[in-house]
Number of protein chains: 2
Amino acid sequence: MTLDDCLRLDAQDPLRTLRDQFLLPEGVIYLDGNSLGVLPKAAPARVAEVVAREWGEGLIRSWNTAGWFDLPQRLGDKVARLIGAAPGEVVCTDSTSINLYKVLFAAIAQAKAADAKRRVVLSERSNFPTDLYIAESLCREHGLTLQLIDSEAELPAALTQDVAVLMLTHVNYRTGAMHDMKAVTAAAHAAGALTVWDLAHSAGAVPVALNDSNADFAIGCGYKYLNGGPGAPAFAWVHTRHAGQFMQPLSGWWGHAAPFEFSPHYRPAPGVGRYLCGTQPIVSLAALECGLDTVLAAEAHGGMAALRAKSLALTDAFISLVEERLPGQFQLITPRDHARRGSQVCLALQQQQTPTQAYAIVQALIARGVIGDYRAGDSQMPDILRFGFTPLYLGLADVWHSVEHLVQVMERKEWTQPEFNAKNAVT
Amino acid sequence: MTLDDCLRLDAQDPLRTLRDQFLLPEGVIYLDGNSLGVLPKAAPARVAEVVAREWGEGLIRSWNTAGWFDLPQRLGDKVARLIGAAPGEVVCTDSTSINLYKVLFAAIAQAKAADAKRRVVLSERSNFPTDLYIAESLCREHGLTLQLIDSEAELPAALTQDVAVLMLTHVNYRTGAMHDMKAVTAAAHAAGALTVWDLAHSAGAVPVALNDSNADFAIGCGYKYLNGGPGAPAFAWVHTRHAGQFMQPLSGWWGHAAPFEFSPHYRPAPGVGRYLCGTQPIVSLAALECGLDTVLAAEAHGGMAALRAKSLALTDAFISLVEERLPGQFQLITPRDHARRGSQVCLALQQQQTPTQAYAIVQALIARGVIGDYRAGDSQMPDILRFGFTPLYLGLADVWHSVEHLVQVMERKEWTQPEFNAKNAVT
């Protein structure tokens, strides 16, 4: 595939106008929308309006006159359209980690109430660390055991009568490998376990069908593929069959059935409203809505199915070009199988010439304006170069140029030896 | 006191220039800074910069280049100056309710480890409901009892050997009554209990001396007297004597000692950094910093002591004028004693002519541009009209006009019968 091929195909892409929704910096090819989505054109004006008019002029009155009260549910209804959920089933609130704490607590409590002998939360060692940390904490609190499998192949054997909750991330943050949500949920249910799905790398990136998959609980992130801005509020979903019974422990007044009754006793709001805790950051929620609207705009062009087809075309092209132009240098970590691949491609060096070479290559690419990121390995996983492909604002020519830059970095050995700092090395 | 007296005194007020830091709507006298602070002039430009330049241009790189990583601690250091804490002891993050969950969990765990027989969390029935809801939840989880006293006079008798944690709000959200933090903390410690202080109506409103009071844990709100914007992130503080041992259960990756190590096991950051959980809403944090700076600007004019003196002059004047001009109509709920009074005045009708008259009067005042709020009563407390006085942007003439409007509302019986809705009646 030549650059001319890419340009020709991009010109025929029915989704190409979606890119006009964003303000992208000159000279940047952004392959990190899986970490922080780009700025929607609508966001600066909308945020300015919330600050100057709603906060500045409306002041406390804006809770009612500007609809601040309804924001978590109204935005939740927008997220619902992207994850196969129904209106009223999702709220946008707090952070992904905090929402995971809520839903995992609720799932554990419900599973224990049904069968007190089940004492295991099952997950994958390769899950995103914050998920494991939250699960560690809840298992300690509830006297449960967190059992980690090393690959999906171990799942059938691990789904024993001891498992209370199966907690998985739908698309793996490192490898980009995707679970079959429907099949895995069915297997968990057959084993008597509840499911908690983390959609951080799925919502807005791949089609998700929570209700069709018969999932139990889910949470996800607002600032990755949903383009909600740095640290945007996250979301939580619960299947309606649990809506009246689940209880989460962060029982703040915002999840009360009537907050302004100021009753000294907690009475949870009906349904998913009880996932709210305290007052939400309105300015950040307003930016999130602009991000959600950029993804929903694809509904006029085939929606998530069309985005998915383009995403696969982008990742296919990236994989092909890397293999064609840099033969033998990189190992593909992401599954080739479309059904198993998210919207990113991860590479590991076949042979690291220095301990931090993968990190240094990512930094060299960033210096050239090709922004991906690095994720450190451990005894079981190699260091990786991670490239996210967001079909809303990327085309095949971007893929071509990215690989060209990678070729040049490798040919010219442009990597220096920057010091990797595990405290803040976000890229 | 005449309007001329007020204008003359306002002209001599050394703090009067602090008002120039804010964008206040024309025709509004804002007595609800205890619920949502007003817009700092610096905020629109700062927020726009974060959105357009840091997010839009810097993208993922801004975590490092724009200092996003340090925001919770850097803003925490600013809050520390307002609450008698030291740098490194405070973080700005999440919501007040969530931070309370963290610190109360940590306090309970620490108290139980020291003496497992202590099984009571002690608080006041009049505490802000979300505090009681969170305590209810944690007591249920930990097999403790939440014991509520009806007045501070009951405190000495209630501080028994059973009490693990005394959880109080420093300034009561309804009555404006303030505890003597140092004396109460000493009494709690003498009884072997730890203390958790909610500073929602204190930080930026009254002098707070956490370290001098020898308090254990504290949390507070960013969007009231700190002018951080709607739903601004909150803060948490812990005394350094607990810094190495406390554990909170919302153990997300942001509180990990090295988040980008991506270790599967949680290792808490040293000190108060472990109170962080997930990624923070950066745009809302940026607005909060503008708010904090408006309060810190008073440091050049005598700081919290000068703000406190002016606050007492404002509330004294409001009480005097109401009693002089509306004799026998209102009962003063807020303490007259300066040492016991926060920065607000609450009134109850001596006799409510209709069940919702207090609410209706507040609505009539809002229609006139005098924005206070209403808090519903219950079997033990009357309905109240609540007026917050923020010395940063209010003067004695504002007090005079407010009372004049209240006089006119009462004389003209302007109250209609608006329906009170406990789900969203924020004012």
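Here is a walk through this predicted model, from the pair of chains to a sheet and then to the domains.

Let's start with how the two chains sit together. Turn chain A by 180°, with 0.0 Å of shift along the axis, and it superposes on chain B with an RMSD of 0.0 Å. The two copies are therefore related as by a two-fold rotation axis. If you want to find that axis in the picture, look for A:Ser284: of the residues of chain A, its C-alpha comes closest, at 2.9 Å. Both copies use the same surface, too, as 100% of the contact residues of chain A recur in chain B.

Now hop over to chain B and look for its open sheet. Seven strands line up there in the order E4-E10-E9-E8-E7-E5-E6, with mixed pairing. Strands E4 (90-93) and E6 (145-149) of chain B are at the edges with a single partner strand each, so one side of each has no neighbour in the sheet. On average, neighbouring strands are turned by 20° against each other, direction ignored. Further in, E8 (residues 194-198) and E9 (residues 217-220) of chain B pair in the parallel sense over 3 bridges. Here you can spot B:Asp198 opposite B:Ile219 of E9(B).

Back in chain A, the domain assignment gives domain 1 (3-30 + 303-411) and domain 2 (46-298). Their centres, taken over C-alpha atoms, are 29 Å apart. Where they meet, 26 residues of domain 1 of chain A are in contact with 18 residues of domain 2 of chain A. On the domain 1 side, helix H11 (303-325) and strand E12 (344-349) of chain A each supply at least two residues, and H11(A) gives the largest share, 7 residues. By class, that side has 14 nonpolar, 8 polar and 4 charged residues.

Definitions and conventions:
Residues are numbered from 1 along each chain as its sequence is written. Chains are lettered from A and ligands numbered from 1 in the order in which they are written. This is a predicted model: local features need pLDDT of at least 70, side-chain atom pairs count only at pLDDT 80 or more; totals for chains, interfaces and linings use all residues. Copies are superposed by least squares on the C-alpha atoms of residues with pLDDT of at least 70 in both. Two residues are in contact if their C-beta atoms, placed from the backbone, lie within 7 Å. Two strands pair if DSSP finds at least two bridges between them. Helices (H or I, at least four residues) and strands (E, at least two) are DSSP runs, numbered from the N terminus. Axes are lines fitted to C-alpha atoms, for helices over the stretch in contact, and angles run from 0 to 180 degrees between N-to-C directions. Domain bounds come from an automatic or database domain assignment. Ala, Val, Leu, Ile, Met, Phe, Trp, Tyr, Cys and Pro count as nonpolar, Asp, Glu, Lys and Arg as charged, and the others, Gly among them, as polar.
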